Amino acid sequence: MHMHGAIDILIAGSNAPQSTAIELILTHEGHRVTCVSSGAQALAHIKSLQPNLVLLDPELAEISGLEVCQRLRADAATAELPVVMITPDTRTVFQRKLAALGASAVLSPPLAPQNIIDLVAQFNTGESDEV
């Protein structure tokens with residue numbers, strides 16, 4: 001039984017096996033997941049898909065995840081979009097930087113399935129933002 005409704009999730013990651021693993025976990029939970037591997041693709045998909053949640057790798061090609069996050073926060077249409085940064089970098093200074101850029105949360109490996117499910121559930125209020 002799923003507690004909440006399915007949501008649309010965009011995974012933008014430079015680590016394909018990791019993105020695929022997260023996608024499998026979330027798809028199994030009933031969510032609709034799209035994976036991209038660059039910042040430019042992430043921005044384009046966020047415009048077209050209007051996902052409910054974005055999982056973002058700071059180390060993306062072309063446009064970094066940090067810049068993607070900044071751009072999302074600067075745009076009124078996506079300023080409230082939950083953005084979770086996925087990074088193995090657990091240094092406090094880096095985590096603070098992510099928070100300053102507007103990251104809603106930070107997830108660091110090892111990415112246990114339950115951690116990912118719990119994190120997504122935090123941002124899945126079950127409400128649709130369709131206007």
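The following questions and answers walk through a predicted model, its sheet, its helices and a few individual residues.

Visitor: On what basis are residues numbered and features accepted here?

Guide: Residues are numbered from 1 along each chain as its sequence is written, and side-chain values use heavy atoms, with hydrogens and water left out. Because this is a predicted model, local features need pLDDT of at least 70, totals for chains, interfaces and linings use all residues, and side-chain atom pairs count only at pLDDT 80 or more.

Visitor: What is the strand order of the open sheet?

Guide: Helices (H or I, at least four residues) and strands (E, at least two) are DSSP runs numbered from the N terminus, and two strands pair if DSSP finds at least two bridges between them. β1 and β3 are joined in the parallel sense by four bridges, three bridges join the parallel β3 and β4, and β4 (residues 83–86) pairs with β5 in the parallel sense over three bridges. β2 (32–36) and β5 (105–107) stand at the edges with a single partner strand each, so one side of each lacks a neighbour in the sheet. The five strands, with parallel pairing, therefore have the order β2-β1-β3-β4-β5.

Visitor: Which residue of β4 stands opposite Leu-56?

Guide: In β3, Leu-53 and Leu-55 point one way while Val-54 and Leu-56 point the other way, and all are buried (under 20% relative accessible area, with exposed meaning over 50% and partly exposed in between, for a 1.4 Å probe and protein chains only). Val-54 stands opposite Leu-10. A residue of β4 that stands opposite Val-106 in β5 is also the partner of Leu-56, namely Met-85.

Visitor: How are α3 and α4 oriented relative to each other?

Guide: Axes are lines fitted to C-alpha atoms, for helices over the stretch in contact, and angles run from 0 to 180 degrees between N-to-C directions. Helix α3 (residues 65–74) and helix α4 (residues 92–101) pack at about 30°, with their axes 9 Å apart. Since angles under 35 degrees count as roughly parallel, over 145 as roughly antiparallel, 65 to 115 as roughly perpendicular and the rest as oblique, α3 and α4 are roughly parallel.

Visitor: Which residues of α4 make the contact with α3?

Guide: Contact means heavy atoms within 4.5 Å. On the α3 side, the contact is made by Leu-66, Cys-69, Gln-70 and Arg-73. The α4 side contributes Lys-97, Leu-98 and Leu-101.

Visitor: Is Asn-124 buried or exposed?

Guide: Asn-124 is found in the segment after α5 (113–123), and a polar atom of its side chain lies 2.8 Å from the backbone oxygen of Gly-5. With a relative accessibility of 5%, Asn-124 counts as buried.

Visitor: Where is the cis peptide bond?

Guide: Most residues other than glycine have a negative phi, and most peptide bonds are trans. Here one bond has an omega of about 0°, and one of its residues, Pro-110, is found in the loop between β5 and α5. The cis bond joins Pro-109 and Pro-110.

Visitor: What is the relative accessible area of Glu-62?

Guide: Glu-62 has its place in the loop between β3 and α3, and its phi is near 65°, a positive value in a residue other than glycine. Gln-50, in the loop between α2 (39–49) and β3, likewise has a positive phi, of about 50°, and is exposed at 61%. Glu-62 is exposed too, with a relative accessible area of 66%.

Key: Polar contact = N/O pair within 3.5 Å; in protein donor to acceptor, adjacent residues only side chain to side chain.
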